[in-house]
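Me: Could you take me on a close look at the pockets of this protein? I would like to know what lines them, and I would be glad of a word on confidence and on the small sheet too.

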Amino acid sequence: MNISLESEIIYPDSDGQPIADNTQQFYWIVLIKENLERLFAPDPQVFVAGDLLWYPIEGHPEIRVAPDVMVVFGRPKGDRGSYRQWEEDQIAPQVVFEILSPGNRLKEMTKKLQFYDRYGVEEYYIYHPERNDLHGLYRTAEGLTVIEDIENWTSLRLGIRFVLTAETLEIYRPDGEKFLTSLELEQQAQQEHQRAERLAAQLRALGIEPES
């Protein structure tokens, strides 16, 4: 029985590299990924992933990259060991994020830019937390082009807005809600619950049952 060469090709699910080099980098990767998942939770055809290997070309496992965060419109949510584009209706991730650390090298980032440009990414955002430095690129007829004025920039695909303050980066959803950590969301929910309980107590003091 003949075994095709294609069937022997292995596409590893890991490149052996850590998700992050430090706590700051990990914080931002998780913050962006989780908030994008929350934002697009109602849409079953938006896939969000963090540190997932993307293979754009069948038969070439050496051509790959693992964006810190990527968003794919037009593909269903669900678990994947890697993103193999030929198994995903040839849809490339439209938006990618890279969170930089002191360990990132110019050569490495240049190669990633060339990769994203070549394989169809529409928006590419790069944030360096230690330097509080944000850069972005979006696709034009000439390819990925630098966003000259990133301050208060709104992503064409995601609808989120980037605000670079003197201290940090703030990201806002289309409804104006700020990207928050899971802990901040929990604290916010507790505060809202306590506020509702206080209001209910005030109504009862007036002889009004809140449920009515």
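Reply: Happy to. One term to begin with: pLDDT is the predictor's confidence in each residue, from 0 to 100. You are looking at a predicted model, and its protein chain has an average pLDDT of 91, with 95% of the residues scoring at least 70. The place for caution is residues 1–5, where pLDDT stays under 50. For that stretch the model has one contact beyond four places in sequence.

Now to the pockets. The largest one has a volume of about 680 Å³, and 25 residues line it. If you want to find its centre, look for Asp-15, Val-65, Ala-66, Glu-108 and Lys-112, which lie nearest to that point. Two elements give two or more residues to this lining: strand S5 (95–99) and helix H3 (106–118). Of the contributors, H3 gives the most, with six residues. As for chemistry, the lining of the largest pocket divides into 10 charged, nine nonpolar and six polar residues.

The second largest pocket has a volume of about 380 Å³. Its lining is made of 18 residues, and those nearest the centre are Leu-100, Met-109, Ile-126, His-128 and Arg-131. Here the elements giving two or more residues are H3, strand S6 (123–128) and strand S7 (133–140). So you meet H3 again, as a contributor to the largest pocket and to the second largest, and both linings are worth viewing from that helix. In the second largest pocket, however, S7 gives the most, with four residues. By class, this lining holds nine nonpolar, five polar and four charged residues.

Finally, the small sheet you asked about. Three strands form an open sheet, in the order S9-S10-S11, with antiparallel pairing. Strand S9 (153–154) and strand S11 (169–172) stand at the edges and have a single partner strand each, so one side of each is left without a neighbour in the sheet. Strand S10 (residues 161–164) pairs with S11 in the antiparallel sense over four bridges. To line the two strands up on your screen, start from Phe-162, which stands opposite Ile-171 in S11.

How values were computed. Residues numbered from 1 in each chain as written. Predicted model: local features only at pLDDT ≥ 70, side-chain atom pairs only at ≥ 80, totals over all residues. Heavy atoms only, no water. Contact = heavy atoms within 4.5 Å. Pairing = 2+ DSSP bridges. 1 Å grid on protein atoms, 1.4 Å probe; cavity = no way out; pocket = protein on both sides within 12 Å on 5 of 7 lines; lining within 4 Å. Points joined across faces, edges and corners; volume = space filled by probe spheres on them. Nonpolar A, V, L, I, M, F, W, Y, C, P; charged D, E, K, R; others polar.
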